[in-house]
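Trainee: I'm new to this structure and don't want to get lost in it. Please take one part, walk me through it slowly, and then tell me what surrounds it.

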Amino acid sequence: MQAPGRAGWRVLAIDPGSTSTRWALYVDDNPVHEVTLRHLDAELEAYVRVWDQIPYRLERLRSSLAGRGVRVEDLHGVVARGGLLAPIPGGTYSVDAAMLDDLARAERGEHASNLGAPLAAHLAEPAGLPAWVVDPVSVDEMEPVARLSGLPGIERRSLCHALNMRAAARRLAQDLGVPYPSLRLVTVHLGSGVSLAAHRDGRMVDVCNPNDEGPFSPERTGSLPVTQMVDLCFSGRYTADELKRALVRRGGLVAYTGSRHLPDVLARAGADPEVRLALDAFVYQVAKEVGALATVLEGRVDWILLTGGGAHAAELVAALTERVRFLAPVRVDPGEHELEALVQGALRVLRNQEPARFYGIMCGG
Ligand SMILES: Nc1ncnc2c1ncn2[C@@H]1O[C@H](COP(=O)(O)OP(=O)(O)O)[C@@H](O)[C@H]1O
Ligand SMILES: CCCC(=O)OP(=O)(O)O
């Protein structure tokens, strides 16, 4: 691997989302460029599968990089958001054939983050550079006791906003001047989906998967009463795909209020009792899950950490804090910082602070 030289480590980070591809160039810990490329529905709907978007997004990335004068051959590596991979421990993973194979098949689901590894590899490989993903959404460090659902054959799945929750946990540890593994934390990612995790000994020993369970979110239902759900499945009103989409994209706050945007919901809550009830129920359910994860940590919680875009909403944060502060002090670290978290993961490898892991080896490939 190339040495950093006087100019420092130059890392390109890529974060593909459902309606955008964001990229950033960092030199060491400092951002030089941060760019969001927007993708219109009309541009993406031509692609049947998420994987089919690779040439289109790659072309947009290449021309945006060229427009800013960024040359791939001047970099030390390319890092991207990981996708719906096999359940693996957290860390920085080299993009390898087994990973690309898994993402191309998308057996664990279609998600824009599945594009991170192939985009990074397409840019890095011709220049002989390493490509990595960091803390993908499928990070799984759950204990055996957390996996049972109550029905043999259905296991709880560890899917969550691992990258942002772990990065916020590391920032908290750094600010406190203690190692991250020494902290017992409950983290809450307040995004369009709400993920939670209990952290102990540097591992997320239980998580709340926003697509399957826990509180409702700005656009997801979370847990539902199971017998009523069975009736809905057999009502003939939806195909399986339609129902899944409704649960993860059109459930929760947007279903009750017509909006998935917290500032909008908060602004209307004063005058509209139904919106107020939906907002109160959202806060109630998130707080209830914080309490559940506090019991995973036997009540010994050092901090409750609120992060994600929703943590910018002061009224929401105040209401949530009011309900959970009896458990532990609450720290607010708003925003997603995913590009920065990706770069930090790459830098830990470049600086030999952590080895890169190999997906194929981890998954027995
Ligand atoms: N600056 C902000 N102030 C208040 N609410 C915000 C802010 N940014 C995002 N949100 C809200 O947080 C929720 C999650 O949004 P976002 O962070 O964009 O999530 P995602 O990336 O998961 O779609 C949305 O309801 C959004 O309206
Ligand atoms: C599946 C957990 C991660 C997640 O929900 O990501 P998005 O909010 O980006 O869909």
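Mentor: Let's start with an open sheet of 7 strands, bearing in mind that this is a predicted model. Going across this sheet, the strands come in the order β3-β2-β1-β4-β6-β5-β14, and their pairing is mixed. The two edges are β3 (30–38) and β14 (357–358); each has a single partner strand, so one side of each is left without a neighbour in the sheet.

Stay at the β3 edge for a moment. Strand β2, made of residues 20–27, pairs with β3 in the antiparallel sense, and 8 bridges hold that pairing. If you want a spot to find by eye, look for Ala24, which stands opposite Glu34 in β3.

Now move along the chain to another strand, β12, which covers residues 303–308. How many of its residues are buried? It's 6 of 6, so to speak of β12 as mostly covered is fair, going by a cut-off of 20 or more other C-beta atoms within 10 Å. You can check this face by face: Trp303, Leu305 and Thr307 are buried on one side, while Ile304, Leu306 and Gly308 are buried on the other.

β12 has pairing strands to look at, too. Strand β9 (residues 185–190) runs parallel to β12, joined to it by 5 bridges, and Leu185 stands opposite Trp303 in that pairing. Strand β13 (residues 330–334) also runs parallel to β12, again with 5 bridges. There, the pair to look for is Gly308 opposite Pro334. To get from β12 to β13, the chain passes through helix α12 (residues 314–324), and this β-α-β crossover is right-handed.

Just past β13 comes a loop that leads to α13 (338–350), and His337 is found in it. Its phi is near 50°, a positive value in a residue other than glycine. His337 has 18 C-beta neighbours inside 10 Å, so it counts as partly exposed. Asp201 also has a positive phi without being glycine, near 55°. Asp201 is in the loop between β10 (194–200) and β11 (203–208), and with 11 C-beta neighbours inside 10 Å it counts as exposed.

What about the ligands? Ligand 1 has 13 residues around it, and Gly191, Ser192, His261, Gly309 and His312 come nearest. By class, that shell has 4 nonpolar, 7 polar and 2 charged residues. Around ligand 2 you'll find Val137, Leu159, Cys160, His161, Gly191, Ser192, Gly193, Pro210 and Asn211. They divide into 4 nonpolar and 5 polar, with no charged ones.

Finally, step back to the whole protein chain. It is divided into domain 1, 10–138 plus 339–362, and domain 2, 177–334. Their C-alpha centres lie 27 Å apart. Altogether, the secondary structure comes to 14 helices and 14 strands. The radius of gyration is 20 Å, close to the 21 Å that the globule rule gives for 365 residues, so the chain is as compact as a globular protein of that length. Its C-alpha atoms fill a box of roughly 60 × 50 × 45 Å along the principal axes, and 43% of the 365 residues count as buried.

Technical notes: Residues are numbered from 1 along each chain as its sequence is written. Chains are lettered from A and ligands numbered from 1 in the order in which they are written. This is a predicted model: local features need pLDDT of at least 70, side-chain atom pairs count only at pLDDT 80 or more; totals for chains, interfaces and linings use all residues. A residue is near a molecule or strand if its C-beta atom, placed from the backbone, lies within 6 Å of it. Ala, Val, Leu, Ile, Met, Phe, Trp, Tyr, Cys and Pro count as nonpolar, Asp, Glu, Lys and Arg as charged, and the others, Gly among them, as polar. Domain bounds come from an automatic or database domain assignment. Two strands pair if DSSP finds at least two bridges between them. Helices (H or I, at least four residues) and strands (E, at least two) are DSSP runs, numbered from the N terminus. A residue is buried if 20 or more other C-beta atoms lie within 10 Å of its own, exposed if 12 or fewer, and partly exposed in between; C-beta atoms are placed from the backbone. A crossover is right-handed if, with the strands pointing away from the viewer, the path from the first strand over the helix to the second runs clockwise. The radius of gyration is taken over C-alpha atoms; the globule rule is 2.2 Å times the number of residues to the power 0.38.
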